[in-house]
Amino acid sequence: MDNNGHPLDRRRLLAGAAAASTLTLTGLAVAPVPAVAAAAPAGAGTPLVTRDRIVTAALRAPDGSAPAVRIRADFSDRLAAWLAFWSANSPRAWSAPTQVVARVAPAGDALDLHAVRYRRDDEPRVGFAADRRDATHLATLASLHHHFPSVRVRPDGAIRIGDGPAGFTGAPEQVAFAVAACRGLWGDAAATADRWREHAGRVLARAGRPADVASHAGWAAFTRTSLRRGLGTESYE
């Protein structure tokens, strides 16, 4: 089921902010960029912009500081769309994200994600934490693979995200994620890297979205359903 029952005002707030490409998150943490690097062009057609938020969440660095950061404009837009997607598929009782704890690379084209925080019953909660290897970790990985071509888990559990258009590329990190999702979220302990497409295909059939997982539509469906399963908004039973 595509409609997860979130109030429309929450959906519109996040989706509208993402579409407007204005990042105003209250929990995203990013590392400061050296003055020389910040002044240098990030690449043709990719100017750097200053941000201290993503949609409605504030940026926070892992050390707790809240510096404004320099980031590629297109990457900023994609992060806004990603956070809106993550939130729209989270449990109804969760507020829109209030903090994103992360560190942005000096070139403004990559980000290490450490945590996503929200509020529930007026209490601060953690929806994703790098050091917590549970279903929410896999779910957040799924949401990032849905929006970015380069997503990998660092040894400390933080997720390194590289800028670029979304889609299946066949990268080892994508295959590793698919195997981990089949095992950890969908209970398929037999999933392997050699036959991952077969196992992921069974997941899509189970979710009522039969498709080749290595296609653009199939990868989008697999990552979306895995996000919802991991955050507990759909069981697909």
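Which backbone oxygen does the side chain of T225 reach at 2.9 Å? In this predicted model, that partner is the backbone oxygen of A221. The sections below set this residue in its surroundings, beginning with the fold as a whole.

## Overall architecture

The predicted model contains seven helices and nine strands. The protein has 237 residues, of which 51% are buried.

Contacts across the sequence can be described by their separation. Among contacts with a separation of 6 or more, 62% are accounted for by residues 24 or more positions apart.

## T225 in helix α7

Helix α7 spans residues 216-231 and includes T225. The relative accessible area of T225 is 4%, which is under the 20% limit, so the residue is classed as buried.

Two backbone oxygens lie close enough to the T225 side chain to be listed with distances. One belongs to A221, at 2.9 Å. The other belongs to F222, whose backbone oxygen is 3.1 Å from a polar atom of the T225 side chain. Once residues up to four places away in sequence are set aside, T225 touches W186, L204, A207 and Y236.

## Packing of α4 against α5

Helix α4 covers residues 135-147, and its axis lies 10 Å from that of α5. The angle between α4 and α5 is about 140°. An angle over 145 degrees would count as roughly antiparallel; α4 and α5 are therefore oblique to each other. Their crossing is left-handed.

On the α4 side, the contact is formed by L138, L141, A142 and H145. On the α5 side, E173, Q174, F177, A180, A181 and G184 take part. Sorted by class, the residues of this contact comprise six nonpolar, three polar and one charged.

## Packing of α5 against α6

Helix α5 (residues 172-184) also packs with helix α6 (residues 196-206), at an angle of about 50° and with the axes 10 Å apart. This pair, α5 and α6, is therefore oblique as well, and the crossing of α5 and α6 is left-handed.

From α5, the residues V175, A178, V179 and C182 meet W196, H199, A200 and V203 of α6. The contact of α5 with α6 contains seven nonpolar residues, one polar residue and no charged residues.

## F177 and A178 within α5

Where do two consecutive positions of α5 direct their contacts? F177 lies in helix α5 and has a relative accessible area of 3%, so F177 is buried. With neighbours within four places in sequence left aside, F177 is in contact with L138, L141, A142, H145, W219, F222, T223 and S226. One of these partners, L141, is 36 residues away along the chain, yet the C-alpha atoms of F177 and L141 are separated by 7.6 Å. F177 is also one of the α5 residues that make the contact with α4.

A178, likewise in helix α5, has a relative accessibility of 0% and therefore counts as buried. Under the rule that leaves aside neighbours within four places in sequence, A178 is in contact with W196, W219 and F222. A178 takes part in the contact of α5 with α6, where W196 is among the α6 residues. The C-alpha atoms of A178 and L138 are 9.7 Å apart, while the two residues are 40 positions apart in sequence.

W219 and F222 appear in the contact list of F177 and in that of A178. F222 is also the residue whose backbone oxygen lies 3.1 Å from a polar atom of the T225 side chain.

## Loop residues with positive phi

V55 has a positive phi of about 50°, although V55 is not a glycine. The residue lies in the loop between β2 (53-54) and β3 (57-60). Its relative accessibility is 0%, so V55 counts as buried.

D122 is likewise not a glycine and has a positive phi of about 65°. Its place is the loop between β6 (110-120) and β7 (123-129). At a relative accessibility of 64%, D122 is over the 50% limit and therefore counts as exposed. In terms of accessibility, V55 is thus buried, whereas D122 is exposed.

Methods. Residues are numbered from 1 along each chain as its sequence is written. This is a predicted model: local features need pLDDT of at least 70, side-chain atom pairs count only at pLDDT 80 or more; totals for chains, interfaces and linings use all residues. Side-chain values use heavy atoms; hydrogens and water are left out. Helices (H or I, at least four residues) and strands (E, at least two) are DSSP runs, numbered from the N terminus. Buried means under 20% relative accessible area, exposed over 50%, partly exposed in between (1.4 Å probe, protein chains only). A polar contact is a pair of N or O atoms within 3.5 Å; within protein, one must be able to donate a hydrogen and the other to accept it, and residues adjacent in sequence count only if both atoms are side-chain atoms. Contact means heavy atoms within 4.5 Å. Axes are lines fitted to C-alpha atoms, for helices over the stretch in contact, and angles run from 0 to 180 degrees between N-to-C directions. Angles under 35 degrees count as roughly parallel, over 145 as roughly antiparallel, 65 to 115 as roughly perpendicular and the rest as oblique. A crossing is left-handed if the near helix is turned anticlockwise from the far one by less than a right angle, and right-handed if clockwise. Ala, Val, Leu, Ile, Met, Phe, Trp, Tyr, Cys and Pro count as nonpolar, Asp, Glu, Lys and Arg as charged, and the others, Gly among them, as polar.
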